[in-house]
Amino acid sequence: NKYAYMRSYAGKATPRRGGDAAEFDVVSKVLASIKVDKEMTKALLHTISGLLHLGNIQLTENQNGDSQVADSKELGITSKLLCTHEQLLQQALCSRTMKLK
C-alpha cells in the first residue's frame, strides 16, 4: 500500500476488504443526498488525500541536528493537496514554535 497510514507498525499492508470502488460510490451518493456540491466534495477528497500523503512524509536529521523533510516530492504533493505552500508545511513539520506570556 502506498500510504503509510494504511500499513501496520511492521510496515505490512493492512488487510483490505476489496470494496474500495463500491464504498467510494456509496460515499459519493451520501454526499450528494445531503446536498454537498461537487466543489465541496472535491475539496473534501483533496483534504483526505492530503492527510494520507502527510503520513508518508519522512523526517530526517541534518548535520546540525535539526529536522528536515527527507523527500521533497512527497512534501510537494501533500502541500498541493492541502492548498498550502511547501515552505509553510515544512516549517510546521520541522520546527517548534514557543509562545511565551
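**Exercise 1. Is the crossing of H2 and H3 left-handed or right-handed, and how do the two helices lie relative to each other?**

Solution. The model is a predicted one, and the steps below are read from its coordinates. Begin with the pair itself: helix H2 (residues 38-54) packs against helix H3 (residues 72-81) at an angle of about 155°, and their axes are 8 Å apart. Angles over 145 degrees count as roughly antiparallel, and H2 and H3 are therefore roughly antiparallel to each other. The handedness is then read from the crossing, which is left-handed. On the H2 side the contact is made by His46, Thr47, Ser49, Gly50, His53 and Leu54, and on the H3 side by Glu74, Ile77, Thr78 and Leu81.

**Exercise 2. Place these helices in the fold of the whole protein, and state what share of its residues counts as buried.**

Solution. The protein holds four helices and two strands, and along the sequence these elements follow the pattern α-α-β-β-α-α. Of its 101 residues, 18% count as buried, while the accessible surface comes to about 8,400 Å², with 56% of that surface belonging to carbon and sulfur atoms. As for contacts between residues at least 6 apart in sequence, 41% join residues at least 24 apart.

**Exercise 3. Check the span of helix H1 against the span expected from its residues.**

Solution. Helix H1 covers residues 20-33, which makes 14 residues. The expected span is 1.5 Å times one less than the number of residues, so H1 should span 20 Å, and its end C-alpha atoms, 20 Å apart, agree with this. Just after H1, Lys35 takes a positive phi of about 65°.

**Exercise 4. Decide whether Ser79 and Gln68 are buried, partly exposed or exposed, and list what each one touches.**

Solution. Take Ser79 to begin with, a residue that lies in helix H3. Its relative accessible area is 4%, and because buried means under 20%, Ser79 is buried. Not counting residues up to four places away in sequence, Ser79 touches Thr84, His85, Glu86 and Leu89.

Turn next to Gln68, which has its place in strand S2 (residues 67-69). With a relative accessibility of 31%, Gln68 counts as partly exposed, since that class lies between the cut-offs of 20% and 50%. Its contacts, leaving aside neighbours within four places in sequence, are with Gln58, Leu59, Thr60, Asn62 and Cys94. Finally, Gln68 and Gln91 are 23 residues apart in sequence, and from C-alpha to C-alpha they are 9.0 Å apart in space.

How values were computed
Residues are numbered from 1 along each chain as its sequence is written. This is a predicted model: local features need pLDDT of at least 70, side-chain atom pairs count only at pLDDT 80 or more; totals for chains, interfaces and linings use all residues. Side-chain values use heavy atoms; hydrogens and water are left out. Buried means under 20% relative accessible area, exposed over 50%, partly exposed in between (1.4 Å probe, protein chains only). Contact means heavy atoms within 4.5 Å. Accessible areas come from the Shrake-Rupley method with a 1.4 Å probe; for residues, only the protein chains shown count as cover. Axes are lines fitted to C-alpha atoms, for helices over the stretch in contact, and angles run from 0 to 180 degrees between N-to-C directions. Angles under 35 degrees count as roughly parallel, over 145 as roughly antiparallel, 65 to 115 as roughly perpendicular and the rest as oblique. A crossing is left-handed if the near helix is turned anticlockwise from the far one by less than a right angle, and right-handed if clockwise.
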